[in-house]
Amino acid sequence: MNILFINSISRTKFGGGEKWMVNAARGLTDRGHNVVLASKRNSRLLEYASKRGVRTEVMEIGSDFSPLATLKIAAWMKRHQTDVLICNLNKDVRVAGLAARLVGHPVVLARHGMLLCSRKWKHKLTLTRLTDGIITNSHTIRAAYAGYGWFDADFVKVIYNGLTIPAQVVPFDFAARYPGKKIIYSAGRLSKQKGFEYLIDAAAMLQRKRSDLIFAISGEGKLEIELKSKVKALGLEASFIFLGFTPDIYPCLKGCDLFVLASLFEGMPNVVMEAMAMQKPVVATDVNGARELMGASEESLACDTGLIIPPKDPAAIAEAIEKIIDNPALLAAYGKAGHERVETHFTVPIMVNNLEKHLKQKIAEKTGRS
(Lines give C-alpha, C1' and ligand atoms only; values in the text may rest on other atoms or scores of the structure.)
Protein backbone atom coordinates (compact mmCIF):
# COMPACT_ATOMS: atom_id res chain seq x y z
CA MET A 1 0.00 0.00 0.00
CA ASN A 2 1.03 3.60 -0.63
CA ILE A 3 0.05 5.45 2.53
CA LEU A 4 0.18 9.15 3.37
CA PHE A 5 -0.20 10.38 6.94
CA ILE A 6 -0.77 14.12 7.24
CA ASN A 7 -0.73 16.14 10.45
CA SER A 8 -0.70 19.94 10.40
CA ILE A 9 -0.19 20.42 14.13
CA SER A 10 1.89 23.49 14.94
CA ARG A 11 5.64 23.25 14.59
CA THR A 12 6.37 23.23 18.32
CA LYS A 13 3.60 20.90 19.50
CA PHE A 14 4.10 17.19 20.01
CA GLY A 15 1.91 14.78 21.95
CA GLY A 16 0.33 11.36 22.06
CA GLY A 17 -1.37 11.71 18.68
CA GLU A 18 1.94 12.48 17.05
CA LYS A 19 3.62 9.51 18.74
CA TRP A 20 0.81 7.28 17.47
CA MET A 21 1.27 8.54 13.93
CA VAL A 22 5.03 7.94 13.95
CA ASN A 23 4.64 4.48 15.49
CA ALA A 24 1.98 3.56 12.93
CA ALA A 25 4.03 4.89 10.02
CA ARG A 26 7.17 3.11 11.19
CA GLY A 27 5.29 -0.15 11.79
CA LEU A 28 3.64 -0.10 8.36
CA THR A 29 6.98 0.76 6.74
CA ASP A 30 8.51 -2.29 8.40
CA ARG A 31 5.72 -4.39 6.85
CA GLY A 32 6.90 -3.33 3.40
CA HIS A 33 4.40 -0.58 2.68
CA ASN A 34 5.41 2.74 1.11
CA VAL A 35 4.64 5.22 3.87
CA VAL A 36 5.14 8.99 4.06
CA LEU A 37 4.37 11.27 7.01
CA ALA A 38 3.71 14.92 6.10
CA SER A 39 3.64 17.98 8.33
CA LYS A 40 4.92 21.53 8.54
CA ARG A 41 8.47 22.50 7.72
CA ASN A 42 10.86 22.41 10.71
CA SER A 43 8.19 20.84 12.91
CA ARG A 44 9.00 18.79 15.97
CA LEU A 45 6.89 15.99 14.47
CA LEU A 46 8.97 15.70 11.29
CA GLU A 47 12.19 15.77 13.28
CA TYR A 48 10.95 12.99 15.58
CA ALA A 49 9.70 10.91 12.63
CA SER A 50 12.95 11.26 10.66
CA LYS A 51 15.01 10.09 13.62
CA ARG A 52 12.87 6.95 13.75
CA GLY A 53 13.36 6.08 10.12
CA VAL A 54 10.04 7.35 8.78
CA ARG A 55 10.07 9.01 5.37
CA THR A 56 8.81 12.58 5.70
CA GLU A 57 7.46 15.30 3.43
CA VAL A 58 6.71 18.99 3.98
CA MET A 59 3.05 19.84 3.38
CA GLU A 60 1.77 23.12 4.76
CA ILE A 61 -1.89 23.38 5.79
CA GLY A 62 -2.67 26.64 7.54
CA SER A 63 -6.44 26.93 7.48
CA ASP A 64 -9.67 25.04 6.85
CA PHE A 65 -9.88 26.25 3.26
CA SER A 66 -6.76 26.43 1.12
CA PRO A 67 -7.30 25.79 -2.61
CA LEU A 68 -3.59 26.02 -3.42
CA ALA A 69 -2.64 23.50 -0.72
CA THR A 70 -5.44 21.20 -1.87
CA LEU A 71 -4.21 21.25 -5.47
CA LYS A 72 -0.58 20.67 -4.41
CA ILE A 73 -1.53 17.71 -2.23
CA ALA A 74 -3.78 16.28 -4.95
CA ALA A 75 -0.92 16.46 -7.45
CA TRP A 76 1.41 14.76 -4.94
CA MET A 77 -1.05 11.92 -4.28
CA LYS A 78 -1.67 11.40 -7.97
CA ARG A 79 2.07 11.33 -8.68
CA HIS A 80 2.72 8.85 -5.87
CA GLN A 81 -0.42 6.76 -6.51
CA THR A 82 -1.59 7.11 -2.93
CA ASP A 83 -3.93 4.35 -1.78
CA VAL A 84 -4.71 5.62 1.73
CA LEU A 85 -4.71 9.08 3.28
CA ILE A 86 -4.86 9.28 7.08
CA CYS A 87 -5.59 12.77 8.45
CA ASN A 88 -5.03 14.06 11.97
CA LEU A 89 -6.80 17.42 12.41
CA ASN A 90 -10.17 18.48 11.06
CA LYS A 91 -8.50 21.01 8.77
CA ASP A 92 -6.35 18.19 7.37
CA VAL A 93 -9.54 16.42 6.32
CA ARG A 94 -10.98 19.56 4.74
CA VAL A 95 -7.84 20.38 2.75
CA ALA A 96 -6.16 17.01 2.10
CA GLY A 97 -9.40 15.01 2.16
CA LEU A 98 -10.76 17.26 -0.56
CA ALA A 99 -7.52 16.69 -2.49
CA ALA A 100 -8.05 12.94 -2.28
CA ARG A 101 -11.59 13.31 -3.58
CA LEU A 102 -10.22 15.27 -6.55
CA VAL A 103 -7.81 12.41 -7.27
CA GLY A 104 -10.64 9.94 -6.90
CA HIS A 105 -9.30 6.64 -5.65
CA PRO A 106 -7.53 7.10 -2.27
CA VAL A 107 -9.28 5.90 0.86
CA VAL A 108 -9.54 8.79 3.30
CA LEU A 109 -9.57 8.12 7.04
CA ALA A 110 -9.67 10.60 9.90
CA ARG A 111 -7.74 9.60 12.99
CA HIS A 112 -9.35 10.92 16.18
CA GLY A 113 -7.25 10.40 19.29
CA MET A 114 -9.88 12.32 21.23
CA LEU A 115 -13.31 13.82 20.58
CA LEU A 116 -12.48 16.11 17.65
CA CYS A 117 -15.94 16.80 16.30
CA SER A 118 -19.14 18.18 17.79
CA ARG A 119 -22.62 18.19 16.31
CA LYS A 120 -21.79 21.23 14.16
CA TRP A 121 -22.92 21.00 10.54
CA LYS A 122 -19.39 21.59 9.23
CA HIS A 123 -18.13 18.53 11.09
CA LYS A 124 -20.97 16.41 9.74
CA LEU A 125 -20.38 17.64 6.19
CA THR A 126 -16.61 17.14 6.42
CA LEU A 127 -16.67 13.64 7.89
CA THR A 128 -19.52 12.21 5.85
CA ARG A 129 -18.42 13.65 2.49
CA LEU A 130 -14.64 13.78 2.67
CA THR A 131 -13.75 10.60 4.60
CA ASP A 132 -14.44 6.90 4.30
CA GLY A 133 -14.19 6.28 8.01
CA ILE A 134 -12.75 7.30 11.36
CA ILE A 135 -10.09 5.52 13.37
CA THR A 136 -10.25 6.14 17.10
CA ASN A 137 -8.57 4.63 20.12
CA SER A 138 -11.36 4.07 22.62
CA HIS A 139 -14.86 2.65 22.66
CA THR A 140 -16.07 5.67 24.64
CA ILE A 141 -15.28 7.95 21.69
CA ARG A 142 -16.93 5.50 19.28
CA ALA A 143 -20.05 5.46 21.46
CA ALA A 144 -20.15 9.26 21.55
CA TYR A 145 -20.00 9.45 17.75
CA ALA A 146 -22.68 6.76 17.43
CA GLY A 147 -24.98 9.10 19.33
CA TYR A 148 -24.68 11.71 16.58
CA GLY A 149 -26.59 9.45 14.18
CA TRP A 150 -24.39 10.45 11.21
CA PHE A 151 -22.48 7.28 10.52
CA ASP A 152 -23.07 3.64 9.63
CA ALA A 153 -22.31 1.11 12.37
CA ASP A 154 -18.85 0.25 10.98
CA PHE A 155 -17.79 3.79 10.03
CA VAL A 156 -15.88 4.36 13.30
CA LYS A 157 -13.19 1.74 13.98
CA VAL A 158 -11.52 1.32 17.37
CA ILE A 159 -7.82 0.50 17.12
CA TYR A 160 -6.00 0.76 20.42
CA ASN A 161 -2.74 2.67 20.64
CA GLY A 162 0.42 0.64 20.90
CA LEU A 163 3.95 1.18 22.08
CA THR A 164 7.25 -0.61 22.00
CA ILE A 165 8.41 -1.42 25.51
CA PRO A 166 12.13 -0.53 25.64
CA ALA A 167 14.38 -3.44 26.45
CA GLN A 168 16.56 -1.34 28.73
CA VAL A 169 15.91 2.02 30.39
CA VAL A 170 18.37 3.76 32.67
CA PRO A 171 16.25 5.42 35.36
CA PHE A 172 16.55 9.13 36.01
CA ASP A 173 18.40 9.42 39.32
CA PHE A 174 15.82 11.27 41.38
CA ALA A 175 17.31 9.77 44.54
CA ALA A 176 20.62 11.59 44.03
CA ARG A 177 18.85 14.92 43.74
CA TYR A 178 16.19 14.30 46.36
CA PRO A 179 17.53 11.73 48.85
CA GLY A 180 14.90 10.12 51.03
CA LYS A 181 12.02 11.49 48.95
CA LYS A 182 9.22 9.69 47.11
CA ILE A 183 8.71 10.87 43.53
CA ILE A 184 5.27 11.61 42.07
CA TYR A 185 5.69 12.11 38.33
CA SER A 186 3.45 13.47 35.58
CA ALA A 187 3.96 14.56 31.98
CA GLY A 188 2.07 16.44 29.31
CA ARG A 189 1.49 19.76 27.62
CA LEU A 190 1.16 22.60 30.13
CA SER A 191 -2.44 23.38 29.18
CA LYS A 192 -5.87 23.43 30.82
CA GLN A 193 -6.62 19.99 29.39
CA LYS A 194 -3.93 18.30 31.48
CA GLY A 195 -5.29 19.52 34.82
CA PHE A 196 -1.92 20.33 36.39
CA GLU A 197 -3.48 23.09 38.50
CA TYR A 198 -5.39 20.39 40.39
CA LEU A 199 -2.22 18.35 40.87
CA ILE A 200 -0.55 21.44 42.36
CA ASP A 201 -3.47 21.90 44.76
CA ALA A 202 -3.20 18.23 45.75
CA ALA A 203 0.53 18.69 46.40
CA ALA A 204 -0.25 21.63 48.68
CA MET A 205 -2.74 19.51 50.63
CA LEU A 206 -0.21 16.75 51.10
CA GLN A 207 2.60 19.13 52.09
CA ARG A 208 0.56 20.24 55.09
CA LYS A 209 0.82 16.69 56.43
CA ARG A 210 4.16 15.38 55.19
CA SER A 211 7.47 16.53 53.72
CA ASP A 212 8.71 13.40 51.94
CA LEU A 213 7.08 13.91 48.52
CA ILE A 214 8.54 15.48 45.37
CA PHE A 215 6.27 16.25 42.42
CA ALA A 216 7.92 16.42 38.99
CA ILE A 217 6.34 17.35 35.65
CA SER A 218 7.76 16.99 32.14
CA GLY A 219 6.25 19.31 29.56
CA GLU A 220 6.00 22.80 28.20
CA GLY A 221 3.13 25.01 27.11
CA LYS A 222 1.33 28.30 27.39
CA LEU A 223 0.42 27.83 31.08
CA GLU A 224 4.02 27.44 32.21
CA ILE A 225 4.30 30.87 33.83
CA GLU A 226 0.86 30.58 35.42
CA LEU A 227 1.55 27.14 36.89
CA LYS A 228 4.97 28.13 38.20
CA SER A 229 3.43 31.21 39.81
CA LYS A 230 0.84 29.01 41.51
CA VAL A 231 3.58 26.72 42.83
CA LYS A 232 5.45 29.72 44.23
CA ALA A 233 2.32 31.22 45.79
CA LEU A 234 1.62 27.95 47.61
CA GLY A 235 5.18 27.63 48.87
CA LEU A 236 5.89 24.47 46.88
CA GLU A 237 9.05 25.58 45.07
CA ALA A 238 11.24 23.01 46.84
CA SER A 239 8.87 20.10 46.23
CA PHE A 240 7.22 20.78 42.87
CA ILE A 241 9.67 20.57 39.96
CA PHE A 242 9.18 21.51 36.30
CA LEU A 243 11.52 19.50 34.06
CA GLY A 244 10.59 21.17 30.76
CA PHE A 245 10.15 19.38 27.43
CA THR A 246 11.42 15.80 27.79
CA PRO A 247 11.68 13.95 24.44
CA ASP A 248 12.07 10.58 26.17
CA ILE A 249 10.12 10.27 29.42
CA TYR A 250 10.92 6.60 30.02
CA PRO A 251 13.91 7.34 32.32
CA CYS A 252 11.72 9.63 34.45
CA LEU A 253 8.99 7.00 34.57
CA LYS A 254 11.50 4.31 35.49
CA GLY A 255 12.93 6.49 38.27
CA CYS A 256 9.67 7.66 39.86
CA ASP A 257 7.50 5.92 42.45
CA LEU A 258 4.05 6.79 41.12
CA PHE A 259 2.56 8.35 37.99
CA VAL A 260 -0.41 10.73 38.09
CA LEU A 261 -2.66 11.77 35.20
CA ALA A 262 -4.80 14.76 36.23
CA SER A 263 -6.36 15.44 32.81
CA LEU A 264 -9.83 16.87 32.24
CA PHE A 265 -10.24 14.99 28.95
CA GLU A 266 -8.18 12.60 26.84
CA GLY A 267 -8.51 10.00 24.15
CA MET A 268 -6.44 6.97 25.05
CA PRO A 269 -3.73 8.57 27.22
CA ASN A 270 -0.40 7.33 25.85
CA VAL A 271 1.48 8.60 28.87
CA VAL A 272 -0.49 6.27 31.15
CA MET A 273 0.35 3.39 28.81
CA GLU A 274 4.02 4.35 29.00
CA ALA A 275 3.90 4.48 32.79
CA MET A 276 2.32 1.03 32.90
CA ALA A 277 5.00 -0.27 30.51
CA MET A 278 7.61 0.91 33.02
CA GLN A 279 5.81 -1.06 35.77
CA LYS A 280 4.63 2.06 37.55
CA PRO A 281 1.33 2.30 39.42
CA VAL A 282 -1.03 4.93 38.05
CA VAL A 283 -3.47 7.39 39.57
CA ALA A 284 -5.62 8.68 36.68
CA THR A 285 -8.71 10.79 36.29
CA ASP A 286 -11.78 9.11 34.83
CA VAL A 287 -11.44 10.47 31.29
CA ASN A 288 -12.01 8.88 27.87
CA GLY A 289 -9.97 5.73 27.47
CA ALA A 290 -8.56 5.58 31.01
CA ARG A 291 -10.87 2.78 32.12
CA GLU A 292 -10.23 0.73 28.97
CA LEU A 293 -6.49 1.25 29.25
CA MET A 294 -6.22 0.46 32.96
CA GLY A 295 -8.60 -2.49 32.84
CA ALA A 296 -11.64 -1.11 34.68
CA SER A 297 -15.17 -1.91 33.56
CA GLU A 298 -17.86 0.50 32.45
CA GLU A 299 -19.67 -0.09 35.74
CA SER A 300 -16.75 0.11 38.17
CA LEU A 301 -13.56 2.11 38.65
CA ALA A 302 -11.82 -0.84 40.29
CA CYS A 303 -8.76 -2.15 38.45
CA ASP A 304 -5.49 -3.95 39.11
CA THR A 305 -3.17 -1.28 37.67
CA GLY A 306 -3.86 1.72 39.93
CA LEU A 307 -6.62 4.06 41.02
CA ILE A 308 -9.14 5.98 38.89
CA ILE A 309 -10.55 9.16 40.39
CA PRO A 310 -12.89 12.02 39.35
CA PRO A 311 -11.38 14.93 37.36
CA LYS A 312 -11.05 18.43 38.80
CA ASP A 313 -10.76 17.06 42.35
CA PRO A 314 -7.48 17.86 44.16
CA ALA A 315 -8.66 16.13 47.33
CA ALA A 316 -9.26 12.92 45.39
CA ILE A 317 -5.76 13.12 43.87
CA ALA A 318 -4.21 13.67 47.30
CA GLU A 319 -6.20 10.85 48.88
CA ALA A 320 -5.29 8.40 46.08
CA ILE A 321 -1.59 9.24 46.32
CA GLU A 322 -1.55 8.80 50.08
CA LYS A 323 -3.51 5.56 49.84
CA ILE A 324 -0.76 3.76 47.93
CA ILE A 325 2.53 5.69 48.14
CA ASP A 326 3.48 4.18 51.52
CA ASN A 327 2.58 0.61 50.52
CA PRO A 328 5.51 -0.95 48.59
CA ALA A 329 3.67 -4.22 48.01
CA LEU A 330 0.66 -2.47 46.50
CA LEU A 331 2.87 -0.22 44.36
CA ALA A 332 4.67 -3.28 43.02
CA ALA A 333 1.44 -5.20 42.38
CA TYR A 334 -0.12 -2.32 40.44
CA GLY A 335 3.08 -1.89 38.44
CA LYS A 336 3.34 -5.58 37.57
CA ALA A 337 -0.32 -5.76 36.47
CA GLY A 338 0.07 -2.64 34.33
CA HIS A 339 3.11 -4.02 32.54
CA GLU A 340 1.34 -7.30 31.83
CA ARG A 341 -1.69 -5.46 30.48
CA VAL A 342 0.39 -3.39 28.06
CA GLU A 343 2.22 -6.48 26.84
CA THR A 344 -1.10 -8.24 26.20
CA HIS A 345 -3.16 -5.49 24.60
CA PHE A 346 -1.16 -2.37 23.75
CA THR A 347 2.01 -3.15 21.81
CA VAL A 348 2.95 -1.67 18.44
CA PRO A 349 2.79 -5.05 16.63
CA ILE A 350 -0.80 -5.56 17.82
CA MET A 351 -1.73 -2.02 16.79
CA VAL A 352 -0.05 -2.30 13.38
CA ASN A 353 -1.68 -5.69 12.73
CA ASN A 354 -5.11 -4.22 13.37
CA LEU A 355 -4.37 -1.05 11.40
CA GLU A 356 -2.95 -2.89 8.39
CA LYS A 357 -5.93 -5.23 8.29
CA HIS A 358 -8.35 -2.29 8.50
CA LEU A 359 -6.63 -0.34 5.70
CA LYS A 360 -6.69 -3.34 3.38
CA GLN A 361 -10.36 -3.86 4.14
CA LYS A 362 -11.20 -0.21 3.39
CA ILE A 363 -9.30 -0.37 0.08
CA ALA A 364 -11.16 -3.55 -0.85
CA GLU A 365 -14.50 -1.91 -0.02
CA LYS A 366 -13.67 1.12 -2.13
CA THR A 367 -12.42 -0.81 -5.14
CA GLY A 368 -15.10 -3.49 -4.93
CA ARG A 369 -12.61 -6.31 -4.39
CA SER A 370 -13.48 -9.08 -1.95
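# Exercises on a predicted model

V35 lies in strand β2. The structure is a predicted model, and the exercises below work through its strands, cavity, pockets, helix α1, ring pairs and backbone angles.

## Exercise 1. Two strand residues

Task: Decide whether V35 and F5 are buried or exposed, and state how far apart they are in sequence and in space.

Solution.
- Step 1. Place the second residue: F5 is found in strand β1.
- Step 2. Apply the cut-off, in which buried means under 20% relative accessible area. V35 has 3%, so V35 is buried. F5 has 0%, so F5 is buried.
- Step 3. Take the C-alpha atoms. V35 and F5 are 30 residues apart in sequence and 7.7 Å apart in space.
- Step 4. Set another pair beside this one: F5 and G16 are 11 residues apart along the chain, with their C-alpha atoms separated by 15 Å.

## Exercise 2. The cavity

Task: Find how many cavities of 30 Å³ or more the structure has, and describe the lining of the largest cavity.

Solution.
- Step 1. Searching the whole structure gives one cavity of 30 Å³ or more.
- Step 2. The space in the largest cavity is about 50 Å³.
- Step 3. Its lining consists of N2, I3, L4, N34, V36, W76, H80 and T82. Two or more of these residues come from each of the elements β1 (2-6) and β2 (34-39).
- Step 4. The largest share, three residues, is from β1.
- Step 5. Sorted by class, the lining has four nonpolar residues, four polar residues and no charged residues.

## Exercise 3. Helix α1

Task: Compare the span of helix α1 with the expected value, list its buried residues, and state what follows the helix.

Solution.
- Step 1. Helix α1 covers residues 16-30, which is 15 residues.
- Step 2. From first C-alpha to last, α1 reaches 21 Å, close to the 21 Å expected at 1.5 Å a residue.
- Step 3. The buried residues of α1 are E18, K19, W20, M21, V22, A24, A25, G27 and L28.
- Step 4. After α1 comes G32, with a positive phi near 100°.

## Exercise 4. Two pockets

Task: Describe the largest pocket and the second largest pocket, and explain where the second largest pocket lies with respect to the domains.

Solution.
- Step 1. The largest pocket holds about 1300 Å³ of space. It is lined by 47 residues, of which F14, G15, G16, E18 and R189 are the closest to its centre. The elements giving two or more residues to this lining are α1, α2 (44-51), β5 (107-112) and α11 (270-277).
- Step 2. By class, the lining of the largest pocket has 15 nonpolar, 18 polar and 14 charged residues. At least three of its residues come from each of domain 1 (2-161 + 348-367) and domain 2 (175-346).
- Step 3. The second largest pocket holds about 450 Å³. Of its 19 lining residues, N23, Y48, R52, T164 and Y250 are the closest to its centre. Two or more residues come from each of α1 and α11, and α1 gives the most, with five.
- Step 4. The lining of the second largest pocket divides into nine nonpolar, five polar and five charged residues.
- Step 5. Domain 1 and domain 2 both give residues to the lining of the second largest pocket, so this pocket lies between them.

## Exercise 5. Aromatic pairs

Task: Classify the ring pair of Y145 and Y148, and name the cluster that contains them.

Solution.
- Step 1. The count of aromatic pairs is 12. In the pair Y145 and Y148, the ring centres are 5.6 Å apart and the planes stand at 50°, so the pair is tilted.
- Step 2. Y145 has 0% relative accessibility and therefore counts as buried. Y148 has a relative accessible area of 16%, so Y148 is buried.
- Step 3. Ring pairs join Y145, Y148, W150, F151 and F155 into a cluster.

## Exercise 6. Positive phi

Task: Describe the phi, location and accessibility of Q81 and Q279.

Solution.
- Step 1. Recall the background: most residues other than glycine have a negative phi.
- Step 2. Q81 is not a glycine, yet its phi is positive, near 50°. Q81 sits in the loop between α3 (67-79) and β4 (84-87). With a relative accessible area of 54%, Q81 is exposed.
- Step 3. Q279, not a glycine, has a positive phi of about 60°. Q279 is in the loop between α11 and β12 (282-285). At 43% relative accessibility, Q279 is partly exposed.

Note on methods
Residues numbered from 1 in each chain as written. Predicted model: local features only at pLDDT ≥ 70, side-chain atom pairs only at ≥ 80, totals over all residues. Heavy atoms only, no water. 1 Å grid on protein atoms, 1.4 Å probe; cavity = no way out; pocket = protein on both sides within 12 Å on 5 of 7 lines; lining within 4 Å. Points joined across faces, edges and corners; volume = space filled by probe spheres on them. Helix = DSSP H or I, 4+ residues; strand = E, 2+ residues; numbered from the N terminus. Nonpolar A, V, L, I, M, F, W, Y, C, P; charged D, E, K, R; others polar. Expected span 1.5 Å × (residues − 1). Buried < 20%, exposed > 50% of the residue type's maximum accessible area, 1.4 Å probe, protein only. Domains from an automatic or database assignment. Phe/Tyr/Trp six-rings, centres within 6.5 Å; stacked < 30°, edge-to-face > 60°.
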